[in-house]
Amino acid sequence: MTMISYPPKPSPGDRVAVISPGAGLPGLFPQPFELGLKRLREDFGLEPVEYPATRTMGSTPQQRADDIHAAFADPDIKAVIASIGGDDQITVLPYLDRELIRANPKPFFGMSDNTNLLMFLRNTGIVAYHGGSVMVELGRPGAMNPQTADSLRAALFTSGAYSLSPAEHWNDINRDWADPATFDSEAELRPADPWSWVNADRVVEGRTWGGCLEILGWLLMADREIAHDLTEYDGGVLLLETSEEMPSGEEVFRTLRNMGERGLLQRFSALLMGRAKTWSFERPTSPEEAAEYAAEQRAAVERAMKAYAPDTMIVFDVDFGHTDPQLVIPYGGTVRVDGPARRITVTY
């Protein structure tokens, strides 16, 4: 079993690295990025430090790896935060120096394409954090969602138990970052369905693994950062959520089926399924279409779990991943899923 530990936390006033391990989108959309940096300074009391590839679209895997190494190796940097995701971070992994990073453990925050780096860090023995990107959560138009801000603040600065709470209202409809008017007001929220529990007759406590389902599928295809001894995952908590690419229910089922055929799904004692993102610029759904998509995704997950892991406890519509508000989940850290009490507690 990989020995995993929590790295030291930053304190207000500390310097934190801001990097783009995936796409250099801050160079295309400076407004949400600058807003996120401003909030890091003014609301969280941290001093963000940019690295050479942060605003560079088309940076090479080596350039992005160099930024990761520089951020972790600098003793004055106390945490590392991704600007946003992307779609080719898997190409960066072969360039990473595991021993350098292991010798300089720091909290890393990111999601989506950053599932690659989250998994790498877990395998290196470092607990990281699924959530909290600069452009999306910190750069949210109008104001940060209070629930997101509270979770991110606790994950950044505190250690110990933190109880997650279901969102009462949520949003997954984006507005155009190229339009300055986007940042004059917050997006409209809509009522959120409560978390939905399956096999909730027990308490599970274990270390997390998983992430964005599409990225996880790519890692499985490349056989990269996946433990060959699957007992590594025994009794753990599986995290799954989907992106703005909105994979079909059938695609979700097939990915999970392949995980089951590999013997992965059966290893986990609980599954936290993120609230599905049901809208994108490429597929602007109506409320009815969005509800149909979410139901289709749930049915696909239930179908796969029934076939391969019928006794696993599942919680649907947990507020993490590509959703607003977004709760930060420790990756490789401990999560307690209390079925009878309908409570999820993470250890930051």
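**View 1. Helix 1 and the elements that cover it.** Strand 1 (15-19), strand 2 (47-50), strand 3 (77-82) and helix 5 (134-138) are among the elements covering the buried residues of helix 1. Please keep in mind that this is a predicted model. The buried residues of helix 1 are Pro32, Phe33, Gly36, Leu37, Arg39 and Leu40. Looking down the helix axis, these buried residues fall within an arc of 160 degrees, so they line one face of helix 1. The helix itself runs over residues 30-42, 13 residues in total, and its first and last C-alpha atoms are 18 Å apart, close to the 18 Å expected at 1.5 Å a residue.

**View 2. Asp113, a buried acid without a salt bridge.** Here we visit the loop between strand 4 (108-110) and helix 4 (115-124), where Asp113 sits. Arg64 has the nearest side chain of opposite charge, 5.7 Å away from Asp113. What does the Asp113 side chain reach at 3.2 Å? One partner is the backbone nitrogen of Asp87, and the backbone nitrogen of Asp88 is also reached at 3.2 Å. Beyond its neighbours within four places in sequence, Asp113 has contacts that include Gly22, Gly85, Gly86, Gln89 and Ile215.

**View 3. Helix 6 and its N-terminal cap.** Asn145 provides the cap, with a side-chain oxygen 2.9 Å from the backbone nitrogen of Gln147. Helix 6 covers residues 146-157, and the 16 Å between its end C-alpha atoms agrees with the span its 12 residues should have at 1.5 Å a residue. Thr148, Ala149, Ser151, Leu152, Ala154, Ala155 and Leu156 are buried in this helix. Their cover includes strand 4, strand 5 (128-130), helix 5 and strand 6 (161-164).

Conventions:
Residues are numbered from 1 along each chain as its sequence is written. This is a predicted model: local features need pLDDT of at least 70, side-chain atom pairs count only at pLDDT 80 or more; totals for chains, interfaces and linings use all residues. Side-chain values use heavy atoms; hydrogens and water are left out. Helices (H or I, at least four residues) and strands (E, at least two) are DSSP runs, numbered from the N terminus. Buried means under 20% relative accessible area, exposed over 50%, partly exposed in between (1.4 Å probe, protein chains only). Lys and Arg count as positive and Asp and Glu as negative; His and the chain ends are not counted. A salt bridge is a side-chain nitrogen of Lys or Arg within 4 Å of a carboxyl oxygen of Asp or Glu. A polar contact is a pair of N or O atoms within 3.5 Å; within protein, one must be able to donate a hydrogen and the other to accept it, and residues adjacent in sequence count only if both atoms are side-chain atoms. Contact means heavy atoms within 4.5 Å. The expected span of a helix is 1.5 Å times one less than its number of residues. The arc is that of the directions from the helix axis to the C-beta atoms.
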